[in-house]
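Colleague: Got a minute to walk me through this one? I haven't looked at it before.

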Amino acid sequence: ATLKAVDRPGYEGAIQMTVTYVWITNLAKLALSKDASAQARAVAFLKIDQLRNWLTAKVGTTTDEAWKAHYSYLLIQIKKLQEKPDEFKLDSFLPPPPGQPIGDTACH
(Lines give C-alpha, C1' and ligand atoms only; values in the text may rest on other atoms or scores of the structure.)
Protein backbone atom coordinates (compact mmCIF):
# COMPACT_ATOMS: atom_id res chain seq x y z
CA ALA A 1 0.00 0.00 0.00
CA THR A 2 2.99 2.33 0.38
CA LEU A 3 6.30 1.31 -1.11
CA LYS A 4 5.00 -1.03 -3.79
CA ALA A 5 2.02 1.12 -4.78
CA VAL A 6 2.01 2.95 -8.10
CA ASP A 7 4.41 5.92 -7.93
CA ARG A 8 2.32 9.08 -7.71
CA PRO A 9 3.46 12.40 -9.15
CA GLY A 10 3.61 15.77 -7.42
CA TYR A 11 2.19 16.37 -3.96
CA GLU A 12 0.68 12.89 -3.66
CA GLY A 13 4.07 11.42 -4.54
CA ALA A 14 5.79 13.52 -1.89
CA ILE A 15 3.35 12.23 0.72
CA GLN A 16 3.80 8.67 -0.54
CA MET A 17 7.60 9.00 -0.24
CA THR A 18 7.30 10.36 3.30
CA VAL A 19 4.98 7.57 4.41
CA THR A 20 7.29 4.98 2.85
CA TYR A 21 10.34 6.46 4.58
CA VAL A 22 8.62 6.50 7.97
CA TRP A 23 7.39 2.93 7.43
CA ILE A 24 10.88 1.63 6.59
CA THR A 25 12.38 3.56 9.51
CA ASN A 26 9.89 1.95 11.87
CA LEU A 27 10.68 -1.48 10.40
CA ALA A 28 14.36 -0.76 11.11
CA LYS A 29 13.47 0.26 14.68
CA LEU A 30 11.77 -3.09 15.15
CA ALA A 31 14.78 -4.92 13.71
CA LEU A 32 17.10 -3.14 16.14
CA SER A 33 14.81 -3.15 19.17
CA LYS A 34 16.23 -4.83 22.26
CA ASP A 35 12.63 -5.14 23.51
CA ALA A 36 11.47 -7.21 20.52
CA SER A 37 11.80 -10.97 20.47
CA ALA A 38 14.62 -12.53 18.47
CA GLN A 39 12.07 -13.95 16.03
CA ALA A 40 10.39 -10.57 15.49
CA ARG A 41 13.79 -8.98 14.82
CA ALA A 42 14.71 -11.84 12.47
CA VAL A 43 11.53 -11.36 10.44
CA ALA A 44 12.10 -7.59 10.31
CA PHE A 45 15.66 -8.09 9.03
CA LEU A 46 14.40 -10.62 6.45
CA LYS A 47 11.77 -8.16 5.18
CA ILE A 48 14.37 -5.39 5.04
CA ASP A 49 16.63 -7.63 2.95
CA GLN A 50 13.73 -8.48 0.64
CA LEU A 51 13.01 -4.75 0.28
CA ARG A 52 16.67 -4.16 -0.60
CA ASN A 53 16.37 -6.62 -3.47
CA TRP A 54 13.11 -5.05 -4.66
CA LEU A 55 14.54 -1.51 -4.41
CA THR A 56 17.67 -2.50 -6.35
CA ALA A 57 15.50 -3.65 -9.26
CA LYS A 58 13.24 -0.59 -8.97
CA VAL A 59 16.17 1.87 -9.16
CA GLY A 60 17.20 0.25 -12.45
CA THR A 61 13.75 0.60 -14.03
CA THR A 62 12.49 3.92 -12.64
CA THR A 63 12.84 6.88 -14.97
CA ASP A 64 11.37 9.59 -12.72
CA GLU A 65 14.31 11.35 -11.02
CA ALA A 66 12.48 12.07 -7.77
CA TRP A 67 11.47 8.45 -7.36
CA LYS A 68 14.89 7.19 -8.40
CA ALA A 69 16.45 9.43 -5.74
CA HIS A 70 13.95 8.20 -3.14
CA TYR A 71 14.61 4.54 -3.91
CA SER A 72 18.38 5.11 -3.99
CA TYR A 73 18.27 6.84 -0.60
CA LEU A 74 16.29 3.98 0.91
CA LEU A 75 18.89 1.56 -0.45
CA ILE A 76 21.69 3.59 1.17
CA GLN A 77 19.86 3.51 4.50
CA ILE A 78 19.28 -0.25 4.28
CA LYS A 79 22.95 -0.82 3.43
CA LYS A 80 24.02 1.20 6.48
CA LEU A 81 21.60 -0.77 8.65
CA GLN A 82 22.82 -4.12 7.37
CA GLU A 83 26.54 -3.36 7.48
CA LYS A 84 26.76 -1.55 10.82
CA PRO A 85 23.55 -2.00 12.80
CA ASP A 86 25.16 -0.78 16.05
CA GLU A 87 26.04 2.53 14.39
CA PHE A 88 22.79 2.97 12.46
CA LYS A 89 21.05 6.22 13.38
CA LEU A 90 17.27 6.21 13.43
CA ASP A 91 15.21 9.31 12.77
CA SER A 92 12.70 10.37 15.39
CA PHE A 93 9.37 11.57 14.12
CA LEU A 94 6.77 13.81 15.71
CA PRO A 95 3.57 12.03 16.68
CA PRO A 96 0.61 12.65 14.37
CA PRO A 97 -1.71 15.46 15.44
CA PRO A 98 -4.87 14.49 17.32
CA GLY A 99 -8.16 14.45 15.49
CA GLN A 100 -9.38 13.16 12.18
CA PRO A 101 -6.81 12.07 9.60
CA ILE A 102 -5.45 14.80 7.37
CA GLY A 103 -7.38 14.84 4.13
CA ASP A 104 -10.48 13.24 5.64
CA THR A 105 -13.17 15.60 4.42
CA ALA A 106 -16.16 13.41 5.16
CA CYS A 107 -18.56 14.97 7.63
CA HIS A 108 -20.49 12.55 9.81
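Modeller: Sure, we can go from the overall fold to the helix contact and then to single side chains.

Modeller: First, this is a predicted model, so local features need pLDDT of at least 70, side-chain atom pairs count only at pLDDT 80 or more, and totals for chains, interfaces and linings use all residues. Residues are numbered from 1 along each chain as its sequence is written, and side-chain values use heavy atoms, with hydrogens and water left out.

Colleague: Okay, how many helices and strands are there in the chain?

Modeller: Three helices and zero strands, running α-α-α from the N terminus. Helices (H or I, at least four residues) and strands (E, at least two) are DSSP runs, numbered from the N terminus.

Colleague: And what share of the residues count as buried?

Modeller: 25% of the 108 residues. Buried means under 20% relative accessible area, exposed over 50%, and partly exposed in between, with a 1.4 Å probe and protein chains only.

Colleague: Where do H2 and H3 sit, and how do their axes cross?

Modeller: H2 covers residues 38-61 and H3 residues 65-83; their axes come within 9 Å and cross at roughly 145°. Axes here are lines fitted to C-alpha atoms, for helices over the stretch in contact, with angles from 0 to 180 degrees between N-to-C directions.

Colleague: Which residues make the contact?

Modeller: On H2 they include Phe45, Ile48, Leu51 and Trp54, and on H3 Tyr71, Leu74, Leu75 and Ile78 are among them. Contact means heavy atoms within 4.5 Å. By class, the contact has eleven nonpolar, three polar and four charged residues. For that count, Ala, Val, Leu, Ile, Met, Phe, Trp, Tyr, Cys and Pro are nonpolar, Asp, Glu, Lys and Arg are charged, and the others, Gly among them, are polar.

Colleague: Switching to rings: how many aromatic pairs are there?

Modeller: Three. Rings of Phe, Tyr and Trp (its six-membered ring) pair if their centres lie within 6.5 Å; planes under 30 degrees apart count as stacked, over 60 as edge-to-face and the rest as tilted. Trp54 and Tyr71 are an edge-to-face pair, 5.9 Å centre to centre with 90° between the planes. That pair joins Trp54 in H2 to Tyr71 in H3, 17 residues apart.

Colleague: Is Tyr71 buried or exposed?

Modeller: Tyr71 is buried, at 0% relative accessibility, while Trp54 is partly exposed at 24%.

Colleague: Why does the pair of Trp67 and Tyr71 count as tilted?

Modeller: Because their planes are at 35°, with the ring centres 5.5 Å apart. Trp67 and Tyr71 both lie in H3, four residues apart, about one turn of the helix. Trp67 is buried too, with a relative accessible area of 4%. Trp54, Trp67 and Tyr71 form one aromatic cluster.

Colleague: What about charges, which side chains meet in a salt bridge?

Modeller: Asp49 and Arg52, at 2.7 Å, N to O. Side chains of opposite charge can pair when their charged atoms come close. The cut-off is a side-chain nitrogen of Lys or Arg within 4 Å of a carboxyl oxygen of Asp or Glu, and the count comes to one. Asp49 and Arg52 both lie in H2, three residues apart. Asp49 is partly exposed at 26%, and Arg52 is partly exposed at 27%.

Colleague: How far is Arg52 from Ile76?

Modeller: Their C-alpha atoms are separated by 9.4 Å, though the residues are 24 apart along the chain. Ile76 is in H3 and counts as partly exposed, at 44% relative accessibility.
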